[in-house]
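Hi there,

Here is the structure I promised to pass on to you. Have a look at it first, and my notes follow just below.

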Amino acid sequence: MIYCIQESLNHGFKLEKLNDTYRIKNSDGKIVSSLKYYDYNIKNFDWVLIADMDTDENYRRQGLAKRLINELYKDIQKKFKGSKGLYLFVKPNNDPAIALYKNLKFQEIKHYKLKDGDYIIMAKGNTSKFNQFDNMNFS
């Protein structure tokens, strides 16, 4: 089932919520910021993955990525009655992204090595469930 919710934002931006994608369009209809998420529904793993996050470089530092993450977190909390949180992978040298995530109350959980390099797993949610990451294999 495909659904789409649209909401007007300041400065002519529009927020769209699709099945697994949240995105913001400018007044010309161009997608300027988006995130894709996955809920893998793994037993005893209460986290939703932010898999792809991108903001057009001409629209950065305007709060668009922050708005998308906050909207997703609010919706996830409502849908799962606070039982699930968000997590993501970020490269250790991506200082602007790490600063954004920390500003949004994400915490560094662990460093992880994948095929294409090193990552930091960051999560936002019930800190008592952070131990669920200990035995996960993300390769």
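R67 is partly exposed, because its relative accessible area is 28% and the range for that class runs between 20% and 50%. This residue lies in helix α1. Its C-alpha atom is 26 Å from that of S128, and the two residues are 61 apart along the chain. Please keep in mind as you read on that this is a predicted model.

R67 also belongs to a group of charged residues. Side chains of opposite charge can pair when their charged atoms come close. A search of the whole structure finds 12 salt bridges, and I will walk you through some of them.

Let me begin with K17 and D75. Their closest N and O atoms are 3.0 Å apart, and the two residues form a salt bridge. Where do K17 and D75 lie in the chain? K17 is in strand β2 (residues 14-17) and D75 is in helix α1, so this pair links distant parts of the chain, 58 residues apart. K17 has a relative accessibility of 9% and therefore counts as buried, since the cut-off for that class is under 20%.

A second salt bridge joins E71 with K74, with 3.3 Å between the closest N and O atoms. Here both partners lie in helix α1, three residues apart, which is about one turn of the helix. Are E71 and K74 buried or exposed, or something in between? E71 is buried, as its relative accessible area is 7%, while K74 counts as partly exposed at 45%. Salt bridges that share partners join K17, R67, E71, K74 and D75 into one network.

The next pair is K84 and D39, whose side chains meet in a salt bridge with an N to O distance of 2.7 Å. This pair, too, links distant parts of the chain, with the two positions 45 residues apart. K84 sits in the loop between α1 and β6 (85-90), and D39 sits in the loop between β4 (31-38) and β5 (47-55). K84 counts as buried because its relative accessibility is 8%, whereas D39 is partly exposed at 23%.

K84 turns up again in the surroundings of Q77, a residue of helix α1. Which residues does Q77 touch, leaving aside those up to four places away in sequence? They are G82, K84 and G85. Q77 has a relative accessible area of 22%, so it is partly exposed. The C-alpha atoms of Q77 and T55 are 24 Å apart, with the two residues separated by 22 along the chain.

Now to the helices. Two packed helices are described by the angle between their axes and the distance between the axes. In this model, the axes of helix α1 (residues 64-79) and helix α2 (residues 95-103) come within 11 Å and cross at roughly 45 degrees. The two helices are therefore oblique to each other, and their crossing is right-handed. On the α1 side the contact is made by A65, K66 and I69, and on the α2 side by L100, Y101 and N103. By class, that contact has four nonpolar residues, one polar and one charged.

Two loop residues are worth a look for their backbone angles. N41 has a phi near 50 degrees, a positive value in a residue other than glycine. N41 is found in the loop between β4 and β5, and it counts as exposed because its relative accessibility is 59%. K105 also has a positive phi, of about 75 degrees, although it is not a glycine. K105 lies in the loop between α2 and β7 (107-114) and, with a relative accessible area of 60%, is exposed.

Last comes D20, placed in the loop between β2 and β3 (21-25). D20 is partly exposed, because its relative accessible area is 26%. Not counting residues up to four places away in sequence, D20 touches L35, K36, Y37 and Y38. How far apart are the C-alpha atoms of D20 and K105? They are separated by 22 Å, and the two residues are 85 apart along the chain.

Enjoy exploring it, and write back whenever you like.

Best wishes

Conventions: Residues are numbered from 1 along each chain as its sequence is written. This is a predicted model: local features need pLDDT of at least 70, side-chain atom pairs count only at pLDDT 80 or more; totals for chains, interfaces and linings use all residues. Side-chain values use heavy atoms; hydrogens and water are left out. Axes are lines fitted to C-alpha atoms, for helices over the stretch in contact, and angles run from 0 to 180 degrees between N-to-C directions. Helices (H or I, at least four residues) and strands (E, at least two) are DSSP runs, numbered from the N terminus. Angles under 35 degrees count as roughly parallel, over 145 as roughly antiparallel, 65 to 115 as roughly perpendicular and the rest as oblique. A crossing is left-handed if the near helix is turned anticlockwise from the far one by less than a right angle, and right-handed if clockwise. Contact means heavy atoms within 4.5 Å. Ala, Val, Leu, Ile, Met, Phe, Trp, Tyr, Cys and Pro count as nonpolar, Asp, Glu, Lys and Arg as charged, and the others, Gly among them, as polar. A salt bridge is a side-chain nitrogen of Lys or Arg within 4 Å of a carboxyl oxygen of Asp or Glu. Buried means under 20% relative accessible area, exposed over 50%, partly exposed in between (1.4 Å probe, protein chains only).
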